Amino acid sequence: MSEVEVRDLTVEYQTSVGWLPAVAGASLDLRAGQITGLVGESGSGKSTLALSLLNAVPAPGRIAGGTIEVAGVGDLTRLGGKQLRKARGGAIGYVFQASQNSLNPLKTIGRQLLDLGRSHEVGDLRALIARAKDLANRMGLDGDRVLDSYQHELSGGMRQRVGIVFALVLNAKVLILDEPTTALDMLSQASVLDIVRKVHDENQLSTLIITHDIGAISEIADRLAVMYGGRIVEDGPLLEVLRRPTHPYTKALIGATARITGDVDGARALPGRPPDLTTVARAGCVFRDRCPFAVEVCAQTEPELHSFDSERRRACHVEPSTVLTGTTGTPAAVGEPA
Amino acid sequence: MIQARGITRTYQTHGSFTGDRTVHALRGVDFTLPDGGAVSFIGESGCGKTTLGKILTGLETFDGGELVVDGVELSKLRPRQREKYFRRIQMIHQDPYSALNPTRTVEATLGDPLRMRAKETGAPVSAWRERAAELLTLVGLEPAAVLPKYPHQLSGGQRQRVVIARALTVDPTVLIADEAVSMIDVSMRLGILSLLRDLRARLGISLVFITHDVATARYVGDGGELHVIYRGEVVERGLTDEVILSPVHPYTQCLLSAVPVMRGLEEPGPDRTAPTAALDERTPTPGCLFQPRCPFAGAQCAETHPVLVPFGADAVGTDAAEANVTGADVTGADVTGADATEESGHVHACFYPESRRVVGVEVGAASA
């Protein structure tokens, strides 16, 4: 059962050379009770995908095609006005990138909470505050103190938790976190991840975590989706994907993570640089320039995201076994260094 | 060669409501950075590691201790005389997005310091273009493609390479990398780290690596020493791999436990632990600074301040500690005096030292 079903979503941005897709035909399910991790480099379209889950892609962007079915709300891409405002926050809780800096510096957290309640026409504001305090307390904050604080009186990890309180206080069943641990140090990162898992389990949420750090996400996610050049190139159960990555990009991403164990020389950075809107390949596979396994067909036909092993999907022309056993050697064509 | 002995830095703040407050940013840090060597400092936000980096580059003053660069004690020199020493120590900033002037091309960014340096050394000033190209090649960029570009036209990793090239324009012998990879995509970090390692090997540049991400400290090269710094004080020191594999101080163990485990490829360490409370600077800590948050604190910890002692030695350093702790005023010079004789090896400041295995363990069968 899926709480959110994204089908063939295409999001475009207007540029000087016309409308270019930042997300191209992405399909993704957020399953009830599971944490889905969405990883990719800067410019892979992961934040755009997340924002479109609120139907809030900023201008000059637009959702050009596809549907986003949210349980109990319907197709979000067709909503507008008041219905859309109710769905944002009401059905889908969103913790923004750098949410440490997304609080109003002139108002206490409590007053901002009341603003949120009023704009969503919550009748019982006392109950709202009680729920916020309860959420805060369960995340290891002192609810009373936090509501009375201005944002500058809270540490980065505490502000991140306040962001989660705001996202969940209206009983949203879907929680989206955009880069929740970036700019936090290791200890705060560990505690924020801990709390996300706890809040997720306690409230039976469907959670999507967007990050570029495959290491951090692997700690708590159930499913993993990998995004590159606006496409989802691989997804499946997290442990499966990490143990047996079948897309060369997933494999390279895992290999490029600085790890605390294992051989230091075994890890290597991804060659080349991630594509952006203007440089992403128009035909063929978007990853082929940086791919060590690229063959001729990769330049001509774009591989489709197809299911295999029942639970998993991949978009690659090369056999999974080749990707799995082959060495991450020099790619066919190394672009500019990063 | 840089030697720091008992560097202290204290800030006095005067808030209208909070009254006077003394912040001990550094409480007696000492380390030795040999030529071509590498020293890493790890710790959480606010532990003083950035202050240390600023002191080493001359951007910040220190109010106690000695900083000796190539045999010269810097605090005795006048600012003018100091300049040439600090020229040898260059900083790579955390955020490559704000470290470069957005209105200047890479060519302009590199040109000014190169011409200035050429005047100093007496080299022909006109040769700066070749030198700029040479430096960009050294950091792995294509000079012709990058020189005319503005920072916003480059990716994060490329910008950080430009920042490194700019640091190299004045022929430094030491680079200070303050969270040099934390703002960069994970996939690009290893490239920057291997560049730093490469610079050590090829140019003999020594490196001070400041980070909160312990895993990246492993990638800066051989023979690196790791200093774990907590609230301005070094609580554990040793060879990087040794500290990671057998941390002794509970704070180090908490930090290392917080490193995410790559599930499927790694299993959590058997002794994983976490601090019992969040950092509260307002609580007075006459004893061990970490005592209020320590999962293993004993009776002694609240009263006596531990100092660095070698791991495995019988003496736990209480005598020295008692001699040094006079009220709350622990000056760096006193504390570090006790271990000044201990030039290398694994040292820690804990009364109940016990090596624990907290970092993830690689799953044998799986391979990346």
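What follows is a chat about a predicted model, covering a sheet in chain A, two buried loop residues and the contact between chain A and chain B.

Biologist: Hi! Let's start with the open sheet in chain A. What is the order of its eight strands?

Modeller: Hello! The order is S6-S7-S8-S3-S9-S10-S12-S11, and the pairing is mixed.

Biologist: Which strands stand at the edges?

Modeller: Those are S6 and S11 (306-308) of chain A. Each has a single partner strand, so one side of each lacks a neighbour in the sheet.

Biologist: And how are neighbouring strands turned against each other?

Modeller: By 20° on average, with direction ignored.

Biologist: Does anything pack on it? I mean, which strands does helix H10 of chain A touch?

Modeller: H10(A), residues 248-255, packs on the sheet and touches S3 (35-39), S9 (223-228) and S10 (231-237) of chain A. The direction of H10(A) makes about 105° with that of S9(A).

Biologist: Let's look at S9(A), then. How many of its residues are buried?

Modeller: Six of its six residues are buried, so to speak of S9(A) as mostly covered is fair. Arg223(A), Ala225(A) and Met227(A) point one way, while Leu224(A), Val226(A) and Tyr228(A) point the other way.

Biologist: In what sense does S9(A) pair with S3(A)?

Modeller: Parallel, over four bridges. In that pair, Leu38(A) stands opposite Ala225(A) of S9(A).

Biologist: And with S10(A), parallel or antiparallel?

Modeller: Antiparallel, with six bridges joining S9(A) to S10(A). Ala225(A) turns up here as well, standing opposite Asp235(A) in S10(A).

Biologist: What links those two strands?

Modeller: They form a hairpin with two residues between them. Gly229(A) sits in the turn and has a positive phi of about 55°.

Biologist: Now the edges. What is the partner of S6(A) there, and how do the two pair?

Modeller: S6(A) pairs with S7(A), residues 174-178, in the parallel sense over four bridges. Val95(A) stands opposite Leu177(A) in S7(A).

Biologist: Are the faces of S6(A) covered or uncovered?

Modeller: Both faces are covered. Ile92(A) and Tyr94(A) are buried on one side, and Gly93(A) and Val95(A) are buried on the other.

Biologist: And the other edge: how do S11(A) and S12(A) pair?

Modeller: S11(A) and S12(A), residues 312-314, are antiparallel and share three bridges. Phe308(A) has Arg312(A) in S12(A) as its bridge partner.

Biologist: Switching to loops. Where is Ser44(A)?

Modeller: Ser44(A) is in the loop between S3 and helix H1 (46-52) of chain A. Its relative accessibility is 3%, so it counts as buried, the limit being under 20%.

Biologist: Which residues does Ser44(A) touch?

Modeller: Leaving out residues up to four places away in sequence, Ser44(A) touches Ala22(A), Met227(A), Tyr228(A), Gly229(A) and Gly230(A). One of these, Gly229(A), is in the hairpin turn between S9(A) and S10(A). A polar atom of the Ser44(A) side chain also lies 2.9 Å from the backbone oxygen of Glu41(A).

Biologist: Nice. What about Leu103(A), buried or exposed?

Modeller: Buried, with a relative accessible area of 9%. Leu103(A) lies in the loop between S6 (92-95) and helix H3 (109-119) of chain A.

Biologist: What does Leu103(A) touch?

Modeller: Beyond residues up to four places away in sequence, its contacts are Ile109(A), Gln112(A), Gln151(A), Arg159(A), Val162(A) and Phe166(A). Gln151(A) is 48 residues away from Leu103(A) in sequence, yet the C-alpha atoms of the two are 6.5 Å apart.

Biologist: Last topic, chain B against chain A. How many residues does each chain give to the contact?

Modeller: Chain B gives 49 residues and chain A gives 44. About 4,100 Å² is buried between them, and carbon and sulfur atoms give 58% of that.

Biologist: Which residues of chain B lose the most area?

Modeller: Val186(B), Met262(B) and Arg263(B), which together make up 17% of what that side buries.

Biologist: How many salt bridges are there between the chains?

Modeller: Three. One of them joins Arg272(B) to Glu219(A), with the closest N and O atoms 3.0 Å apart. There are also 19 residue pairs in polar contact across the interface, both residues being at pLDDT 80 or more.

Biologist: And which element gives the largest share of the chain B side?

Modeller: H7(B), with seven residues. Other elements giving two or more residues include H6 (156-168) and H10 (250-257) of chain B.

Terms used. Residues numbered from 1 in each chain as written. Chains lettered and ligands numbered in written order. Predicted model: local features only at pLDDT ≥ 70, side-chain atom pairs only at ≥ 80, totals over all residues. Heavy atoms only, no water. Buried < 20%, exposed > 50% of the residue type's maximum accessible area, 1.4 Å probe, protein only. Contact = heavy atoms within 4.5 Å. Pairing = 2+ DSSP bridges. Axes fitted to C-alpha atoms, helices over the stretch in contact; angles between N-to-C directions. Buried area = accessible area lost by both parts, 1.4 Å probe. Salt bridge = Lys/Arg side-chain N within 4 Å of Asp/Glu carboxyl O. Polar contact = N/O pair within 3.5 Å; in protein donor to acceptor, adjacent residues only side chain to side chain.
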